[in-house]
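I opened this entry to note how two helices lie against each other, and then what is packed inside. My notes follow in the order I looked things up.

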Amino acid sequence: MTNHQDEAMDEIAGAQVVKRISALLKAIASRNAQGSRLVDLYRALNLGQSTVHRLLKALVVEGLVQQNIDSKRYFLGPSIFEFSLAVKPTLDIRALAHEAMERIATFSEDTVYLLIRSRYESVCIERMEGSYPVKVLSLDIGGRRPLGANASGLTILGSLAQDEIDRIIEHNKDIYPRYGMFTVERVRQKLAEFKEQGYVCTQLAPGTLTVGLPILSSDGTPVAAISVAAIEGRMQESRQEEIVDFVRNEIAKLQRILAKAN
C-alpha cells in the first residue's frame with residue numbers, strides 16, 4: 001500500500017471516529033437530565049459495547065463527559081459548558097423568545113417548548129411549565145428528535161423546500177419508528193395537514209396532544225418552533241384553536257423583532 005493510500009485510509013478512519021463521537025455526545029445530551037447508562041448509549045448508536053466504552057473513557061479524560069460514581073450514568077462534562085461560553089450566536093432566539101414563552105405558558109397553563117433545527121434533528125433549547133398540575137414533560141432541554149417526530153419538528157420540516165423535506169425524511173425513515181407511532185407515511189400526512197392549516201397537532205404519547213407552530217425569518221426560512229403540550233382532555237378542538245391563535249400572535253411579534261434584527 002502506498003503512502004497516499006495509507007493517508008486516505010487514516011482520513012476515513014479519523015472521520016468515522018469524529019462521527020461516532022458526535023453521535024455519542026448528542027445521545028448523552030438528549031438524556032442529560034437523567035443521565036445515560038452504557039447500555040442506552042451503545043443501543044442508541046448501534047455500536048459494540050466495548051467501542052462505546054472506549055470512546056466514553058477518552059471523553060471523560062478530556063472533560064467532555066462525566067460519569068456519576070454512584071449511578072454509573074454518563075452526563076455532559078464541564079468542557080462542553082466552557083465551549084458553549086465561547087460561542088457568540090448572531091441571533092439568540094432563546095433570549096428573544098423568553099417573554100413570549102412566559103406569556104404562552106401563563107395563558108395555556110401547560111408546557112411550552114422552543115426547538116431549533118440541527119441538521120436532520122430538532123433540539124429543545126427551552127422549556128417552560130405552566131401552572132396546571134398535570135404536566136406533559138416529553139422533552140428535556142438539550143433533548144433531540146429526528147425532524148418530523150414531534151409537533152415542533154414537523155413545523156420546521158414543513159417550512160423547508162420540498163427537495164430538502166424529501167432528503168430529511170429519507171435520512172430519518174428508519175429512525176422514526178423509535179418514536180411512538182411515527183412512520184414516513186404519518187410524517188407526510190402531518191406535513192400535508194401543516195401545509196393546509198399552518199400548524200401541527202399531534203399525539204406524542206398516549207393521552208397527550210401537542211400543537212406546534214414555526215418561527216420564520218423574513219425570507220420564510222424556519223428559525224425555530226414553539227409547541228404547547230397538554231393532556232388530551234385539555235386539548236379539545238375549541239381550546240386547540242385558542243392556543244394556536246395565542247401562539248400565532250406571539251410568533252408574529254417575534255418575527256417582527258427578527259426582521260428588524262436582520
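I started with α5 and α9 in this predicted model. Their axes come within 10 Å and cross at roughly 160°. Angles over 145 degrees count as roughly antiparallel, so I put α5 and α9 down as roughly antiparallel to each other. I also noted that the crossing of α5 past α9 is right-handed.

Next I listed who makes the contact. From α5 I found Ile-93, Leu-96, Ala-97, Ala-100, Arg-103, Ile-104, Phe-107 and Ser-108. The α9 side includes Phe-246, Val-247, Leu-254, Ile-257 and Leu-258, along with charged residues such as Arg-239 and Lys-253. Sorted by class, I have twelve nonpolar, one polar and five charged residues in this contact.

I then turned to the largest nonpolar core, which has 27 residues. Leu-114, Ile-215, Ile-226, Val-228 and Val-247 touch the most other members. At least two core residues come from each of α5, β3, β4, β7, β8 and α9. A second, separate core holds 18 residues, among them Leu-147, Leu-160, Ile-168 and Phe-182.

I looked up Leu-114 by itself. Beyond its neighbours within four places in sequence, Leu-114 is in contact with residues including Ile-93, Ala-97, Met-101, Val-123, Ile-125, Ile-215 and Ile-226.

Last, I checked Thr-210, which sits in strand β7. Is Thr-210 buried or exposed? Its relative accessibility is 3%, so I entered Thr-210 as buried. Leaving out residues up to four places away in sequence, Thr-210 touches Ala-151, Val-200, Cys-201, Thr-202, Leu-204, Ser-227, Val-228 and Ala-229.

Technical notes:
Residues numbered from 1 in each chain as written. Predicted model: local features only at pLDDT ≥ 70, side-chain atom pairs only at ≥ 80, totals over all residues. Heavy atoms only, no water. Core = buried A, V, L, I, M, F, W, Y, C linked by side-chain atoms within 4.5 Å. Buried < 20%, exposed > 50% of the residue type's maximum accessible area, 1.4 Å probe, protein only. Helix = DSSP H or I, 4+ residues; strand = E, 2+ residues; numbered from the N terminus. Contact = heavy atoms within 4.5 Å. Axes fitted to C-alpha atoms, helices over the stretch in contact; angles between N-to-C directions. Parallel < 35°, antiparallel > 145°, perpendicular 65-115°, else oblique. Left-handed = near helix turned anticlockwise from the far one by under 90°.
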